[in-house]
Amino acid sequence: MIPEGQAPTTDLLAGLDAEQRQAAEALTGPVCILAGAGTGKTRAITHRIAYGVQQGIYQPTSVLALTFTTRAASEMRTRLRQLGANGVQARTFHAAALRQLQYFWPQAIGGTLPSIVEHKAPLIAEAARRLRISSDRTMVRDLASEVEWAKVSMHSPESYARVVQTRELPQGLEAVTMSRVFQTYEELKDDRNVIDFEDVLLLTSAILEEDEKVAASVRQQYRHFVVDEYQDVSPLQQRLLNLWLGERQELCVVGDASQTIYSFTGARPDYLLGFGQRFENARVVKLVRDYRSTPQIVGLANKILAQRRIESGVPDRMVTWPEPLELIAQREHGAEPEFFEASDDENEAAEVASRIKDLIAAGQDVSSIAVLYRTNGQSESFEQALTAAGVPYVMRGAERFFSRREVKEGMLALRAAQTVATDEPLGQLVRDVLTGQGYTEQPPAGGSSAARQRWESLSALVRLADDLVRTKSELGAQVTLRDVVVELEERAAMQYAPTLDGVTLASFHAAKGLEWDVVFLVGLSEGLVPISYAKDQAGYDEERRLFYVGITRARLRLYLSWSLARTPGGRAHRYRSRFLDGIPAARQISSRAQAPAARKEQKLTPAVCRSCGSFLTSAKERKLRRCASCPAQYDEHLFETLKGWRLEVAQANAVPAFVVFTDATLMALAEDKPSSMQELGKVPGVGRSKMERYGQAVLDLIAQQS
């Protein structure tokens, strides 16, 4: 008999691809899953957990799955329930730590846990006033971000004072002043007996380090750990994870170094990249089959990363750039990405709004379209253009949905209506209750953005009730207004907002983890992409990765645009982003997009290792036609000879050695030993121009050594 809440013992992994299945079957020991954008990482890790439960290797309550957003945690819990793995804990780092802190505080510390401040701004602003620092909202926000960075990097005010000299501080603030702001902020918290979210992690870590009984209790509870988006882990989160883990190795991490976009918050991809060094017996699985985007979009994304360059005249030229995963598209061919250049910001926004209106008229769902930009300050012109075009939109990354006044008032009204007896269908009852809060069936004509947001919020509550009725009805269950209220309260506790109806406006950062059928990447000019305050190689590299994240949000269609001037009639002093250098200009258009020409269907065949037949996933492996784990078979003496020749050529032409040939290409040459131009042309990394420039010299060297 199958235990309650457990899936039938069928092949739970039947729907996974070969690499996803490898990941799901690796149930014990350290496992590192390198998962590119759109490769089904959540599917892989939830099936891995459910499979471990089905096989009796995991007890559901002994598994702790960690994510970085409440939405991701909620989605993971839902998928695990659908797979029969009820009882598995899927939480954010902060939620998991807070739960433990609340439970163990009375016995480890005593008394009542201090209150948690949801926002640092009031205390930061007061700290600035005490120090007589002039600060507006922007300054307060920047100061709060710097304090957060210091704390997740595990600096106290004292240790921060020693490292702050190397930091680029908000609005040119002096190091000693920033240190005092941090110190005063901490003193204010102590005076008022409150803690912030970073303190939750710090205090939980401290208790686990100092109280062996508490640590033993937590480790007895949780035996298996899964960490999603591991490239975004901070030193403080890693410290806590180490304490949860103890001396055990039952850890599975999932991430993609090419999507590291939160370095400014203290996130470090080093933990992901160094996982194999920390755990020498770690199993590494690479997911590179992209199920999200068309081959045209995937091709552009791959090219953006492959064209990374060393920026001249900036420090940190030797910063590490991990070899990116090269995605392989699994969707059918679609439209080519479209580029357009606008005369000014207003013109760009109007053009985007016009194209969106045409897409909606052609049947595109309005909620499956997004406009993404680098900074939140860019949204205003697009808000105005969409409003003028009569296109509804929603802002992501602005005020939290359940913090909105109209949502709170709507929930209060629904809660009060529970006691009223009525024969109305539930959907109509919810509409009647919310009508008193300003709900109407149709959106307000014109009006302010505030009025539109209020309508969108109340409409989202109505749709959530309708969805709940439909879901329960399919299961043959009755739904009451009480059920709706409970669902809303649970979502509010997890900050799991319902889907709003409108074009999404969001920054690149806020779009991380989301996807849409149609994406407009706007404002792609120098100074914005990359941002003007990217001053070193690490900064430019992170901006490139951020652009890559924006591209990989699109499923079917992708539009990229920039403007030459800020205002109509202004001087055209802008240039398109350097990240678009090398992208064929033939795709740039200035009028409506035309339907793509019919394309012959192509079968995408992944390259395999010449030695063991395994799937090759990186550019280096493809060049060598051998996976990294298989022993090298090239002629080492020939390889060293080719390296010596390359150095001479590079010095003679005053270029870096890799510009002539990369090490991977030299290894391939030393292994294949081509004897003719035709054979040389088949070696990955040897293009036509390099054949013309270096081909004969390479063939002569190989012939001499042979």
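**Nonpolar cores and salt bridges in the predicted model**

The largest nonpolar core holds 41 residues, of which Val 227, Leu 241, Trp 244 and Leu 251 touch the most other members. Eight elements, named here in chain order, each supply at least two residues of this core: strand S1 (31–35), strand S2 (63–67), helix H4 (93–108), helix H9 (197–210), helix H10 (212–221), strand S6 (224–227), helix H11 (235–245) and strand S7 (251–255). The structure is a predicted model. Trp 244 was examined further. Residues up to four places away in sequence aside, Trp 244 touches Leu 64, Leu 66, Phe 93, Ala 96, Ala 97, Gln 100, Leu 208, Val 218, Arg 219 and Phe 225. A further core lies apart from the largest one. This other core has 39 residues, including Leu 528, Val 529, Ile 551 and Ala 554.

These cores belong to a protein of 706 residues, 50% of them buried. The protein contains 27 helices and 16 strands. Contacts between residues at least 6 apart in sequence were also sorted by separation. Of these, 78% join residues at least 24 apart. The exposed area is about 33,800 Å², and carbon and sulfur atoms supply 49% of it.

Charged pairs were considered next. Side chains of opposite charge can pair when their charged atoms come close. Across the whole structure, 39 salt bridges were found. One of them joins Glu 186 to Lys 151, with 3.0 Å between the closest N and O atoms. This pair links distant parts of the chain, 35 residues apart: Glu 186 sits in helix H8 (residues 175–192) and Lys 151 in helix H6 (residues 137–152). Glu 186 counts as buried because its relative accessibility is 14%, under the 20% cut-off. Lys 151 is also buried, with a relative accessible area of 3%.

A second bridge pairs Arg 431 with Asp 466, at an N to O distance of 2.8 Å. Arg 431 lies in helix H18 (residues 426–435) and Asp 466 in helix H19 (residues 449–474), so the bridge ties together parts 35 residues apart in sequence. Arg 431 is buried, at 17% relative accessible area. Asp 466 is partly exposed, at 23%. Salt bridges can also share partners. Such sharing joins Lys 151, Glu 186, Lys 189, Asp 196 and Asp 199 into one network.

The side chains of Asp 581 and Arg 309 form another salt bridge (3.3 Å, N to O). Both partners lie in loops. Asp 581 falls between strand S16 (554–563) and helix H22 (619–624), and Arg 309 between helix H14 (295–306) and strand S10 (328–329), so the pair ties together parts that are 272 residues apart in sequence. Asp 581 counts as partly exposed, at 37% relative accessibility. Arg 309 is likewise partly exposed, with a relative accessible area of 34%.

Arg 309 is also one of the contacts of Arg 544. Arg 544 lies in helix H21 (residues 537–551). At 3% relative accessibility, Arg 544 counts as buried. A polar atom of the Arg 544 side chain lies 2.7 Å from the backbone oxygen of Ile 304. With neighbours within four places in sequence left aside, Arg 544 is in contact with Ile 304, Gln 307, Arg 308, Arg 309, Trp 321 and Phe 579.

Key
Residues numbered from 1 in each chain as written. Predicted model: local features only at pLDDT ≥ 70, side-chain atom pairs only at ≥ 80, totals over all residues. Heavy atoms only, no water. Salt bridge = Lys/Arg side-chain N within 4 Å of Asp/Glu carboxyl O. Helix = DSSP H or I, 4+ residues; strand = E, 2+ residues; numbered from the N terminus. Buried < 20%, exposed > 50% of the residue type's maximum accessible area, 1.4 Å probe, protein only. Polar contact = N/O pair within 3.5 Å; in protein donor to acceptor, adjacent residues only side chain to side chain. Contact = heavy atoms within 4.5 Å. Areas by Shrake-Rupley, 256 points an atom, 1.4 Å probe, with all protein chains shown as cover. Core = buried A, V, L, I, M, F, W, Y, C linked by side-chain atoms within 4.5 Å.
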